[in-house]
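Student: Please walk me through this one with me asking what each term rests on.

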Amino acid sequence: MSSTEKVIPVHLISGFLGSGKTTLLTRLIDYYRSLDLKAAVIMNELGDVNLDGQLVGDRVPMSEMLSGCICCTIRGDLGVEIKELIDEHTPDVILIESTGAANPLEIIDGITETAMYARIDLRSVTTVIDGAGLLEMNKRGRNQTFRLMQEQIRCATHMIINKADRLAPEEIVEVEQLVREWNHSAPMTVTVKCVVDLERFGSGDSTDSAHPTRLSLGQGAEAASCGPDCGHDHSHHAHTGESHEHSHAAHMHESHEHVMVLTHYFTKPIDSHAFEAMLRRLPSEVYRAKGVVTFSDTTSRFLFQFAYREVEFIRITPQGQVNDVAVFIGEHFSKEQLLAELALLE
Ligand SMILES: Nc1nc2c(ncn2[C@@H]2O[C@H](COP(=O)(O)OP(=O)(O)OP(=O)(O)O)[C@@H](O)[C@H]2O)c(=O)[nH]1
């Protein structure tokens with residue numbers, strides 16, 4: 001794989017149970033088809049049967065992750081699924097629809113981890129909101145489902161307040177105000193049947209730096225928990241991903257107001273001491289980093305983790321080719337400064 005090989009954009013569709021995620025997904029599939037772009041889809045259902053998948057049919061390559069919540073038990077498989085879809089179908093874009101019970105922060109973490117072995121790029125997190133459902137939940141009391149809804153809204157880079165046909169005009173205003181309280185920056189569109197302008201989902205070309213991703217992950221990204229309906233063992237976050245490609249070049253996401261993700265592909269081995277020193281110098285605004293590196297001063301390769309200011313290196317012997325990549329997640333950090341630090345390493 002060459003450094004010029006394209007990075008495949010990934011769009012995550014999140015939202016409450018029955019809010020209209022699949023409705024949006026089918027629209028997107030039609031949209032990409034009209035542009036003559038190949039979309040691949042990952043759908044996640046808590047049950048054994050992917051009913052929504054019937055709606056998508058066999059129009060696009062689809063991976064079904066059933067019987068588990070994408071954000072916990074099968075989160076580790078997410079990377080494998082993405083990699084397999086890419087290897088088998090070479091899609092121009094990947095769409096992921098998560099179960100309404102999933103906590104998007106966990107999925108975002110899973111997707112960004114996948115950058116270690118597939119040239120992908122999380123471009124947007126669209127949260128579909130059932131306006132009437134949200135109002136009802138707000139009146140009934142703030143239970144666990146309510147908190148999950150909040151989390152899904154906080155995480156969104158784009159918000160769709162759907163099912164407007166079921167809301168009176170003053171209720172629409174009420175929903176908008178509620179949603180704005182939790183997410184100050186993401187664009188918000190009020191729709192019926194998720195009819196939105198799909199242009200921002202792009203041409204599939206993620207190298208378009210004119211449209212940087214805003215990942216407004218909100219607070220508590222690392223403390224995220226799974227959804228209330230998930231019911232799975234959260235202690236097993238399998239880390240997978242042995243088959244990989246070696247690749248180069250930096251790819252970056254930015255947000256001026258919220259959480260940013262910066263994904264940097266290293267072009268060559270780097271000095272281990274300089275790298276560790278760089279991690280330790282990271283500003284407190286960077287609260288998470290992870291990746292795979294090859295050091296010039298040791299023979300082995302390492303998986304590194306940086307969380308809560310702690311640095312951890314794990315020696316790995318990857319099967320197949322693995323990207324040398326570092327992913328940084330944080331809020332309000334200076335991308336220029338970080339890129340300058342990274343440039344010094346190479
Ligand atoms: N009244 C109304 N119904 C809608 C609208 N959008 C979608 N629906 C209906 O709501 C139901 C659920 O829509 P889906 O798109 O399957 O929702 P989902 O979020 O994928 O559902 P889960 O996968 O179960 O979480 C379907 O019957 C849709 O036809 C809307 O704007 N108004």
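Student: Which residues is Ile 94 in contact with, leaving aside its neighbours within four places in sequence?
Tutor: They are Ile 8, Val 10, Ala 40, Ile 42, Ile 82, Leu 85 and Ile 120. Two residues are in contact if their C-beta atoms, placed from the backbone, lie within 7 Å. Keep in mind that this is a predicted model, where local features need pLDDT of at least 70, side-chain atom pairs count only at pLDDT 80 or more, and totals for chains, interfaces and linings use all residues. Residues are numbered from 1 along each chain as its sequence is written.

Student: What makes a set of residues a nonpolar core?
Tutor: It is a set of buried Ala, Val, Leu, Ile, Met, Phe, Trp, Tyr and Cys residues joined through C-beta atoms within 7 Å. Here the largest such core has 74 residues, and Ile 94, Leu 95 and Ile 129 have the most contacts inside it. At least three residues of this core come from each of domain 1 (8-223) and domain 2 (250-345), with the bounds taken from an automatic or database domain assignment. In soluble globular proteins, nonpolar side chains tend to be buried together.

Student: Lys 83 is a lysine, so how do you know whether Lys 83 is buried or exposed?
Tutor: Count the neighbours! A residue is buried if 20 or more other C-beta atoms, placed from the backbone, lie within 10 Å of its own, exposed if 12 or fewer, and partly exposed in between. Lys 83 has 20 C-beta neighbours inside 10 Å, so Lys 83 counts as buried. Lys 83 lies in helix α3 (residues 75-89), and its C-alpha is 9.1 Å from that of Arg 119, 36 residues apart in sequence.

Student: Then why is Asp 30 put in its own class, and what is that class?
Tutor: Asp 30 has 13 other C-beta atoms within 10 Å, and therefore Asp 30 is partly exposed. The residue sits in helix α1. Arg 147, in helix α6 (residues 144-154), is partly exposed because 15 other C-beta atoms lie within 10 Å.

Student: What makes a stretch a helix, and how does the span of α1 fit what is expected?
Tutor: Helices (H or I, at least four residues) and strands (E, at least two) are DSSP runs, numbered from the N terminus. The protein chain comes to nine helices and 13 strands. The expected span of a helix is 1.5 Å times one less than its number of residues. Helix α1 (residues 21-34) has 14 residues and reaches 20 Å from its first C-alpha to its last, close to the 20 Å expected. Lys 21, Thr 22, Thr 23, Leu 24, Leu 25, Leu 28 and Tyr 32 are buried in α1. After α1 comes Asp 36, with a positive phi near 65°.

Student: Why is the packing of α5 and α7 described by a direction word, and which one?
Tutor: Helix α5 (residues 131-140) and helix α7 (residues 169-182) pack at an angle of about 70°, with their axes 10 Å apart. That makes α5 roughly perpendicular to α7. Angles under 35 degrees count as roughly parallel, over 145 as roughly antiparallel, 65 to 115 as roughly perpendicular and the rest as oblique. The axes are lines fitted to C-alpha atoms over the stretch in contact, and angles run from 0 to 180 degrees between N-to-C directions. Gly 131, Leu 134, Leu 135 and Asn 138 of α5 meet α7 residues Glu 171, Ile 172, Glu 174, Val 175 and Leu 178.

Student: What is notable about the phi of Lys 163, and how do you know its burial class?
Tutor: Its phi is near 65°, a positive value in a residue other than glycine. Lys 163 is found in the loop between β6 (158-162) and α7. With 23 other C-beta atoms within 10 Å, Lys 163 is buried. Beyond four places in sequence, its contacts are Gly 20, Asp 130, Gly 131, Ala 132 and Val 192. Cys 194, also not a glycine, has a positive phi of about 55°, and Cys 194 is buried because 24 other C-beta atoms lie within 10 Å.
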